[in-house]
Amino acid sequence: MTIYLKTPIEELPFIGSAYVKKLHRVGIETAEDLLFYFPFRYDDFSDVKNIGEVELGEVVSVVGKIVDIQNIRTRKRKMNLTEAMIEDESGVIKAIWFNQPFLTRNLRSGINVSLSGKVVYAQDGFQISNPSYELLGSGQSLHTARLVPIYHETEGLSSKWLRVHLKSVLKLAEDIEEFLPASIIKNQNLLSLSEAISQIHFPDNEESSKIAKRRLAFDELFLVQLYMMMQKKKWQENKGVKIKFDKSLEKEVKDFVESLPFKLTNAQRISSWNIIKDFEKNKPMNRLLEGDVGSGKTLVALISALAVIKSGYQVAFMAPTEILARQHFEEAVRRLGGIYISNPSQEGNFIEGSIVAISSVEPRTQDNPKGAMESLKMLRVALFTGSESKIFQGEKIEEISKKKLLEKIRIGGIDLLIGTHSLIQKKVEFHNLAFSIIDEQHRFGIEQRGKLQNEVVNISDGLKTVPHLLSMTATPIPRTLALTVYGDLDLSILDEMPKGRQKIITKLVAPANRNLVYQFIGEQVQKGRQVFVICPLIEESDVLEVRSATEEYEKLKNIIYKDFQIGFLHGKMKPKEKEEVMQKFSQGKIDILVSTSVVEVGIDIPNASVMLIEGSDRFGLAQLHQFRGRVGRGEYQSFCFLFTDSTSVTTARRLKALVKSDNGFELAEQDLKIRGPGELVGVRQSGLPDLAMASLSDAELIKKTRDEAKALLEKDGKLLKYPKLEEKLKKFTKEVHFE
Ligand code: ADP
Ligand code: MG
């Protein structure tokens with residue numbers, strides 16, 4: 001039977017139905033798909049030696065005849081050993097396998113084999129332990145005596161199985177058509193696609209594996225860039241509400257900024273300016289605001305919101321949890337409400353849940369009577385979550401029924417609506433929404449974010465527009481990386497902290513000093529402070545993670561700190577339960593909060609002064625830095641203690657970087673170099689193919705793919721002249737599930 005690239009795998013020779021199922025599960029349907037299942041590394045078995053010349057400790061391949069082979073059962077440890085003696089002209093060596101008695105079915109005396117593995121010391125000389133092997137037949141070797149490809153063995157696909165079957169379809173690689181324009185292949189000096197596919201699986205040598213990899217990584221990154229740029233263009237075909245930043249609006253915004261009890265950082269100023277400039281276009285903005293914890297993103301959001309509100313439109317502000325939404329609401333009231341407060345001494349303690357009257361509301365005197373009237377119009381800010389609906393109208397915060405609030409939103413009686421997912425329910429109808437803000441955007445799914453990005457018809461004027469969108473995140477993704485994975489967004493970075501922030505004292509603690517830290521924490525709690533304890537991340541299993549965290553919690557509660565209130569937070573809890581615990585912690589009813597890595601990123605607990613992190617080597621630097629940012633938010637000197645069981649030098653070096661630096665972006669860059677981009681990009685791009693993922697730390701390749709994608713789209717924005725590329729892009733985006 002002749003096979004083609006498009007031949008379904010079930011029609012390929014020697015693929016049983018069990019394997020068909022496994023392959024389907026990883027998205028492999030055809031022979032071509034199989035060819036595009038790349039290895040992620042190689043075992044280097046290319047060093048082929050005479051048996052008499054092998055040396056202790058090296059990884060080698062030898063070729064020889066089996067002169068003896070037998071299965072032995074060890075009494076002591078109840079193991080099956082297979083021992084073979086292999087001979088060539090230069091000598092003889094023993095090979096040994098554990099618990100694979102079936103080997104003797106294939107490997108028999110008198111047969112020529114190739115073996116690859118590590119040379120170890122045994123009582124009676126050298127031996128090769130657990131070598132890869134293959135019979136020497138006619139063809140090229142697959143499992144030994146070369147660079148041997150290793151594949152992700154998910155879904156029970158073994159590398160050995162994949163090698164055999166890839167080999168049987170490898171010839172089809174010649175039929176794979178180029179989809180890249182010839183000019184790009186030439187400019188960038190790329191290997192042809194068919195050659196690259198063939199070499200990625202069975203490279204002639206290390207150099208050719210690299211060249212193949214570069215070509216395929218180029219493809220993936222290039223497709224990502226194309227996709228992002230086309231998305232951006234598509235977005236810009238929408239209409240947005242044009243907010244004219246005229247003199248009077250400028251004054252409003254300036255007055256607001258001046259009313260603040262502190263100066264904006266330069267980064268805040270520039271970001272706000274960029275946003276306001278975006279509003280002036282009649283295309284909807286789509287911007288990502290990245291900034292370390294505490295860099296003041298909320299304020300940038302509020303400044304831009306003010307510009308929109310003062311132009312007569314509504315703003316929606318969505319946060320992932322009720323606590324965060326409430327915190328934003330309080331900040332909005334405190335800051336925006338503050339414009340009208342003549343006596344700013346009210347600044348400060350805002351008691352949760354109470355009705356706070358703000359005294360002596362005075363209209364500002366202005367020369368322009370119309371302006372004065374405008375100023376008199378109070379901002380109407382509302383909080384809308386699953387469990388709360390409140391409204392602030394210039395004087396005080398009041399409870400309001402959901403029904404009434406929804407009605408107010410509909411008729412334009414609310415300027416700024418802050419809330420959780422509840423904002424994107426069908427029943428929430430805006431009067432004239434012109435601007436949506438999403439905090440901690442990675443916490444929302446693509447669909448949820450999309451709902452705030454849909455075209456709306458303004459009830460007020462019938463205008464069909466898409467709201468401007470500001471997404472915010474505290475994940476410090478380095479700029480080059482962000483340009484790729486968030487290439488559809490414009491980017492603003494708050495790379496500067498407000499002045500006067502105290503430095504958090506960070507210490508890497510030797511296990512022997514654990515009790516000193518416990519003692520120190522005890523003293524802090526006695527002084528009235530609060531403490532976070534973060535338990536180790538266990539990636540393989542949520543269940544194990546919760547179990548180990550539970551043990552930690554029990555230990556602290558029942559043994560170390562019997563007199564304190566200990567709280568516990570983990571990923572298996574319902575959102576409502578999590579909120580309750582966080583609520584208690586923020587009210588000071590919990591002294592020490594033990595938590596798995598789920599602890600809320602954006603929450604402000606000014607009274608917390610200690611962050612203790614167990615198993616800190618398991619986290620990325622950026623994440624550790626985010627944990628650390630949970631403390632030091634109030635007036636108290638704060639501390640971060642890092643524990644680790646690891647004795648590795650690299651770990652120590654990595655953690656020391658955290659002790660030295662308090663700049664999230666710097667730490668993220670280091671992480672990117674040391675650990676690759678996986679955890680930085682995280683949820684959003686988890687669908688990215690391996691090569692693209694691995695290449696995200698290759699700034700040069702990113703730039704090249706970006707430049708080529710840009711140049712191509714400038715010539716042909718819809719890829720009309722490149723149907724093969726367009727088809728490939730479609731397939732790629734379907735497989736990758738961009739979020
Ligand atoms: P994040 O970027 O983590 O969301 P927030 O917006 O929550 O940070 O800001 C943290 C705190 O810093 C808030 O209480 C806010 O009022 C305050 N803040 C914001 N900007 C400044 C500034 N320029 N100077 C001093 N404090 C500021
Ligand atoms: Mg925040």
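A residue counts as buried when its relative accessible area is under 20%. In this predicted model, E552 has a relative accessible area of 14%, so this residue is buried. E552 is found in helix α17, which covers residues 542-560. Leaving aside residues up to four places away in sequence, the contacts of E552 are with Y518, V533, C535, V594 and E614. One of these partners, V533, is itself buried in strand β20, and that strand is a convenient place to pick up the description after a brief look at the whole chain.

The secondary structure of the protein comes to 25 helices and 24 strands. Along the principal axes, the C-alpha atoms fill a box of roughly 105 × 70 × 40 Å. Of the 739 residues in the protein, 53% are buried. Contacts that reach along the chain are well represented: taking contacts between residues at least 6 apart in sequence, 72% join residues at least 24 apart.

Strand β20 (residues 530-534) is largely enclosed by the rest of the structure, because 5 of its 5 residues are buried. The cover extends to both faces, with Q530, F532 and I534 buried on one side and V531 and V533 buried on the other. Two parallel partners can be described for this strand. With strand β23 (residues 608-613), β20 pairs in the parallel sense over 5 bridges, and V533 has L612 as its bridge partner there. With strand β22 (residues 592-595), β20 is joined by 4 bridges, and these strands also run parallel. In that pairing, F532 stands opposite L593.

Strand β22 also leads on to strand β21 (residues 566-569), since 4 bridges join these two parallel strands. The bridge partner of I566 in β22 is I592. As in β20, both faces of β21 are covered: I566 and F568 are buried on one side, while G567 and L569 are buried on the other. The connection between the two strands involves helix α18, and together β21, α18 and β22 make a right-handed β-α-β unit.

Helix α18 (residues 575-586) has a further neighbour in helix α11 (residues 322-336), and the two pack at an angle of about 45° with their axes 9 Å apart. Angles of 65 to 115 degrees would count as roughly perpendicular and those under 35 degrees as roughly parallel; α11 and α18 are therefore oblique to each other. At this contact, E322, I323 and R326 of α11 meet E579, M582 and Q583 of α18. By class, the contact has 2 nonpolar, 1 polar and 3 charged residues.

The model also holds an open sheet of 9 strands, in the order β12-β11-β10-β13-β9-β14-β17-β8-β18 and with mixed pairing. At its edges stand β12 (397-399) and β18 (490-494), each with a single partner strand, so one side of each is left without a neighbour in the sheet. From one strand to the next, the twist of this sheet averages 20°. Within the sheet, strand β9 (residues 314-318) and strand β13 (residues 416-419) pair in the parallel sense over 4 bridges, and L416 in β13 is the bridge partner of V315. Helix α13 (residues 402-411) lies across β9, β10 (381-384), β11 (389-392) and β13. The helix runs at about 130° to β10.

A closed arrangement is found elsewhere, where 5 strands form a barrel in the order β2-β3-β4-β6-β5, again with mixed pairing. Here the twist averages 50° from one strand to the next. One of the pairings joins strand β3 (residues 80-88) to strand β4 (residues 91-98) through 8 bridges, and the two run antiparallel. A84 stands opposite A95 in β4.

Finally, helix α4 (residues 159-169) offers a helical example of burial. Its buried residues are S159, W161, L162, R163, H165, L166 and V169. What do the buried residues of α4 pack against? Their neighbours are α1 (17-25), α2 (31-35), β7 (147-150) and α6 (193-201).

Key: Residues are numbered from 1 along each chain as its sequence is written. Chains are lettered from A and ligands numbered from 1 in the order in which they are written. This is a predicted model: local features need pLDDT of at least 70, side-chain atom pairs count only at pLDDT 80 or more; totals for chains, interfaces and linings use all residues. Side-chain values use heavy atoms; hydrogens and water are left out. Buried means under 20% relative accessible area, exposed over 50%, partly exposed in between (1.4 Å probe, protein chains only). Two strands pair if DSSP finds at least two bridges between them. Axes are lines fitted to C-alpha atoms, for helices over the stretch in contact, and angles run from 0 to 180 degrees between N-to-C directions. Angles under 35 degrees count as roughly parallel, over 145 as roughly antiparallel, 65 to 115 as roughly perpendicular and the rest as oblique. Contact means heavy atoms within 4.5 Å. Ala, Val, Leu, Ile, Met, Phe, Trp, Tyr, Cys and Pro count as nonpolar, Asp, Glu, Lys and Arg as charged, and the others, Gly among them, as polar. A crossover is right-handed if, with the strands pointing away from the viewer, the path from the first strand over the helix to the second runs clockwise.
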